[in-house]
Amino acid sequence: MKLKEFESDTIIEPFRIRSVEPVRFTTMEERAQLLKEAGFNPFLLKADDVLIDLLTDSGTGAMSSKQWSGMIASDESYAGSSSFYKLESAVRDITGFKHLIPTHQGRAAENIFFTTIAREGDVIPSNTHFDTTRAHIEHAGAEARDLVIAEGHQPESRHPFKGNMDLAKLEKTIHDTGVDNIPVIMITVTNNSGGGQPVSMDNIRSVSEMARKYDIPFFIDACRFAENAWFIKTREEGFSGEKPLDIARKMFSYADGCTMSAKKDGMANIGGFLALNSDELASECRNLEILTEGFPTYGGMAGYDMEAVAQGLYEALDSDYLRYRIRSIAYLGDKLSDAGIPIVQPTGGHAVYLDARKILPHIPPTQYPAWSFNNALYLLGGVRGVEIGTVMFGRQPDGSEKPAAMELVRLAFPRRVYTQSHVDYLAEVIISVFRQREQLGGYKIVSGPTVLRHFSARLEPLDP
Ligand code: F0G
């Protein structure tokens with residue numbers, strides 16, 4: 001018998017499911033009531049009332065049997081736990097950084113780092129700072145400056161590395177601000193606030209060279225480092241034959257340290273760290289860590305959390321996993337593009353971003369078009385995404401309202417949680433809302449806090 005080798009074009013989920021979590025179906029009538037009770041704010045819905053939850057990819061992933069078995073065998077010693085040394089060895093192996101400072105999540109690492117290095121009047125450039133990063137920098141009295149390339153703000157541009165830093169703007173910022181007022185240059189991989197778009201190795205190397213030229217430390221916000229490595233492998237010349245692990249090592253080799261939320265590419269439900277080379281800076285950061293997080297060999301994590309992250313960091317770098325992960329996002333993106341729905345192109349690493357400004361031109365930014373589309377997704381299909389638009393960014397410190405740069409609905413995929421038929425259903429819901437888009441109206445905010453209002457504001461439809 002002579003059979004030709006079978007080659008499939010289908011990228012299947014590279015795992016089987018042994019523990020299941022039922023989801024609950026609701027009727028449209030029930031959802032209309034639930035949404036009303038939640039002040040038309042999906043953050044205020046109970047998760048049990050959501051069928052497909054794409055609010056975030058942070059801490060929402062499924063862990064593997066290897067992670068769970070590591071957790072059972074963890075060491076909960078206060079000082080010198082073996083789980084810490086396991087995590088330290090994984091972080092060192094992947095990043096090459098000398099010191100590990102474990103924290104309970106990414107923003108705790110940011111808090112320790114920026115409190116230690118940033119001063120009033122400093123400027124900290126990045127491609128795009130995530131909102132917690134920005135908030136910590138501003139809390140320290142410094143300015144968080146976003147210097148992504150122009151294509152990073154154009155949803156329809158198909159530049160393969162829309163997360164890249166604009167090097168000319170970076171050099172100008174260094175000249176205008178002065179080296180002494182730039183304690184660090186950051187780069188976020190992938191660029192979450194800019195559509196989950198990757199940064200090329202070439203750009204990371206160039207930023208690093210500039211940082212070294214001016215003797216400024218260079219740190220990576222590494223939350224989605226493995227997804228970024230996959231984009232380098234598949235989009236950048238010279239990397240197609242390399243393993244994601246080696247690409248990640250190379251990315252980190254250009255930097256002096258990183259902040260990390262292990263809730264993303266750490267494949268864990270909680271955890272994070274700061275990793276760095278400087279002995280002096282590490283020692284200062286550890287002093288603060290003891291104050292705010294805990295003893296340096298656990299920081300904000302239980303021993304079992306450190307086990308889960310030590311194992312998860314490698315699983316995030318597995319080629320079969322990454323191929324499936326990036327393909328499942330693109331699969332939804334392709335279906336929506338085929339239906340004529342404007343999205344941020346090309347699809348990024350962890351989410352599909354719908355361009356609500358284009359979809360709903362009849363709703364002005366101050367009546368929150370992306371919010372409206374997102375609520376309609378819940379109403380029609382029990383799907384929860386998140387608005388990244390004027391509700392999130394529009395309120396100015398002086399109380400005035402300004403349209404955000406883009407009006408996006410982010411549909412972020414938890415890792416290893418949903419299957420292809422969930423995604424098929426999702427596409428049907430989005431397409432159905434899109435076809436009825438002229439029916440959608442704007443919203444107004446009726447109450448809410450002045451800072452980070454999107455989490456708890458209550459809204460009302462303008463045309464109920
Ligand atoms: N940096 C980036 C790029 C992030 O996306 C996040 C979190 C953080 C830092 C902070 O990490 O949540 O562990 O404190 N992003 C989540 C999201 C919340 O939904 O995009 P954390």
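**Two buried threonines, a ligand shell and some ring pairs**

Setting aside neighbours within four places in sequence, T297 touches Y78, A79, G80, S81, F84, Y85, P102 and M306. That list comes from a predicted model, as does everything else described here. T297 sits in the loop that runs between α10 (279-292) and α11 (303-315). Despite the loop setting, T297 counts as buried, because its relative accessible area is 10% and the cut-off for buried is under 20%. Two of the residues on the contact list also turn up as polar partners of the T297 side chain: the backbone nitrogen of G80 is reached at 3.0 Å, and the backbone oxygen of Y78 at 3.4 Å. In both cases, then, the threonine side chain meets backbone atoms, a nitrogen in G80 and an oxygen in Y78.

A second threonine, T173, belongs to a helix, α6 (residues 167-177). With a relative accessible area of 4%, T173 is buried too, since anything under 20% falls in that class. Once the neighbours within four places in sequence are left out, the contacts of T173 are V123, P125, R145, L147, G178 and I182.

Turning to the ligand, 17 residues surround it, and the ones that come nearest are T56, R107, D221, S261 and K264. Sorted by type, the shell holds 8 polar, 7 charged and 2 nonpolar residues. Helix α4 (residues 106-117) supplies the largest share of that shell, with 3 residues. D221, one of the nearest residues, has a side-chain N or O atom 2.7 Å from a nitrogen atom of the ligand. On the oxygen side of things, a ligand oxygen lies 2.9 Å from an N or O atom in the side chain of Q105, and a ligand oxygen is likewise 2.9 Å from an N or O atom in the side chain of R224. How much of the ligand's accessible area does the protein cover? Taken on its own, the ligand has 470 Å² of accessible area, and the protein covers 93% of it.

Aromatic rings are worth a look as well. Searching the whole structure turns up 11 aromatic pairs. One of them joins F15 and Y324, whose ring centres are 5.5 Å apart; their planes meet at 85 degrees, so the pair is edge-to-face. The two partners come from distant parts of the chain, 309 residues apart: F15 is in the segment before α1 (28-37), while Y324 is in helix α12 (residues 319-338). Are these two residues buried or exposed? They fall into separate classes, because F15 has a relative accessible area of 26% and is partly exposed, whereas Y324, at 6%, counts as buried. F40 and Y443 make another aromatic pair, this one tilted, with 5.9 Å from centre to centre and 55 degrees between the planes. Here too the pair links distant parts of the chain, with F40 in the loop between α1 and β1 (52-53) and Y443 in strand β13 (residues 443-447), 403 residues apart. F40 is buried at a relative accessible area of 13%, and Y443 is buried at 9%. Back at the first pair, F15 and Y324 are also part of a cluster, in which ring pairs link them with Y321.

Notes
Residues numbered from 1 in each chain as written. Predicted model: local features only at pLDDT ≥ 70, side-chain atom pairs only at ≥ 80, totals over all residues. Heavy atoms only, no water. Helix = DSSP H or I, 4+ residues; strand = E, 2+ residues; numbered from the N terminus. Buried < 20%, exposed > 50% of the residue type's maximum accessible area, 1.4 Å probe, protein only. Polar contact = N/O pair within 3.5 Å; in protein donor to acceptor, adjacent residues only side chain to side chain. Contact = heavy atoms within 4.5 Å. Near = heavy atom within 4 Å. Areas by Shrake-Rupley, 256 points an atom, 1.4 Å probe, with all protein chains shown as cover. Nonpolar A, V, L, I, M, F, W, Y, C, P; charged D, E, K, R; others polar. Phe/Tyr/Trp six-rings, centres within 6.5 Å; stacked < 30°, edge-to-face > 60°.
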